[in-house]
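Let's take a walk through this fold together. Have the model open so you can turn it as we go.

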Amino acid sequence: REASSTLTAFDIYELLSVLDQVESLSAWKIAIVNRPKDDFDRAKFFEICALNRGYQVGAFQEFEEAVAWLYPPHDP
């Protein structure tokens, strides 16, 4: 929970290019939980870029919100 990153915007964009090589990834949901350490919210930037490529990515600051997004309640 206390992991940190020094990824730049370019690094994040490069990470997305790697995801493009994973077959059927658009069928999966990816939740990122973080607490931005500065003015650049890397998770939110990743989320925006990934959504533009058709991936289901959500950036959250609270673990519970991420779980609720990943596993929404089913209507009977």
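How much space lies in the largest pocket? About 690 Å³. That pocket has 21 lining residues, and those closest to its centre are Ala 3, Ile 32, Val 33, Asn 34 and Arg 35. By class, the lining splits into 11 nonpolar, 4 polar and 6 charged residues. H1, E1 and H2 each put at least two residues into it, with H2 giving the most, at 3 residues. Keep in mind throughout that this is a predicted model.

Now step back to the overall layout. The protein chain has 3 helices and 2 strands, and from the N terminus on they run α-β-α-β-α. Taken along the principal axes, the C-alpha atoms fill a box of roughly 45 × 30 × 20 Å. Of the 76 residues in the chain, 21% are buried. If you look at contacts with a separation of 6 or more, 76% of them are between residues 24 or more positions apart.

Next, head inside. In soluble globular proteins, nonpolar side chains tend to be buried together. Here the largest nonpolar core has 9 residues: Ile 12, Leu 16, Leu 19, Leu 25, Phe 46, Cys 49, Ala 50, Tyr 55 and Val 57. Helix H1 (9-19) and helix H2 (42-52) each supply at least two of them. Leu 25 is a handy place to pause: leaving aside residues up to four places away in sequence, Leu 25 touches Leu 19, Ile 30 and Tyr 55.

H2 deserves a stop of its own. Its buried residues are Arg 42, Ala 43, Phe 46, Glu 47, Cys 49 and Ala 50, and they pack against H1, E1 and strand E2 (56-60). Have a look at both ends of the helix too. At the start of H2, a side-chain oxygen of Asp 41 comes to within 3.3 Å of the backbone nitrogen of Ala 43. Just after H2, Gly 54 has a positive phi of about 95 degrees.

One name in that buried set may catch your eye. Why does Arg 42, a residue of the charged class, count as buried? Its relative accessibility is 18%, and the cut-off for buried is under 20%, so Arg 42 falls on the buried side. As for what surrounds this side of H2, Arg 42 touches Ser 5, Thr 6, Leu 7, Ile 12 and Lys 37, again not counting residues up to four places away in sequence. Ile 12 is also one of the residues of the largest nonpolar core. There is a polar partner as well: a polar atom of the Arg 42 side chain lies 3.0 Å from the backbone oxygen of Phe 40.

For contrast, find Trp 28, in the loop between H1 and strand E1 (29-33). Is Trp 28 buried or exposed? With a relative accessible area of 59%, Trp 28 is exposed, because the cut-off for that class is over 50%. You can also use Trp 28 to get a feel for distance across the model: Trp 28 and Glu 62 are 34 residues apart in sequence, and their C-alpha atoms are 20 Å apart in space.

Key. Residues are numbered from 1 along each chain as its sequence is written. This is a predicted model: local features need pLDDT of at least 70, side-chain atom pairs count only at pLDDT 80 or more; totals for chains, interfaces and linings use all residues. Side-chain values use heavy atoms; hydrogens and water are left out. A nonpolar core is a set of buried Ala, Val, Leu, Ile, Met, Phe, Trp, Tyr and Cys residues joined through side-chain atoms within 4.5 Å. Buried means under 20% relative accessible area, exposed over 50%, partly exposed in between (1.4 Å probe, protein chains only). Helices (H or I, at least four residues) and strands (E, at least two) are DSSP runs, numbered from the N terminus. Contact means heavy atoms within 4.5 Å. A polar contact is a pair of N or O atoms within 3.5 Å; within protein, one must be able to donate a hydrogen and the other to accept it, and residues adjacent in sequence count only if both atoms are side-chain atoms. On a 1 Å grid over the protein atoms alone, a cavity is a set of points where a 1.4 Å probe fits but cannot get out, and a pocket is an open set with protein on both sides within 12 Å along at least five of seven lines; lining residues have an atom within 4 Å of a point. Grid points are joined across faces, edges and corners, and a volume is the space filled by probe spheres set on the points. Ala, Val, Leu, Ile, Met, Phe, Trp, Tyr, Cys and Pro count as nonpolar, Asp, Glu, Lys and Arg as charged, and the others, Gly among them, as polar.
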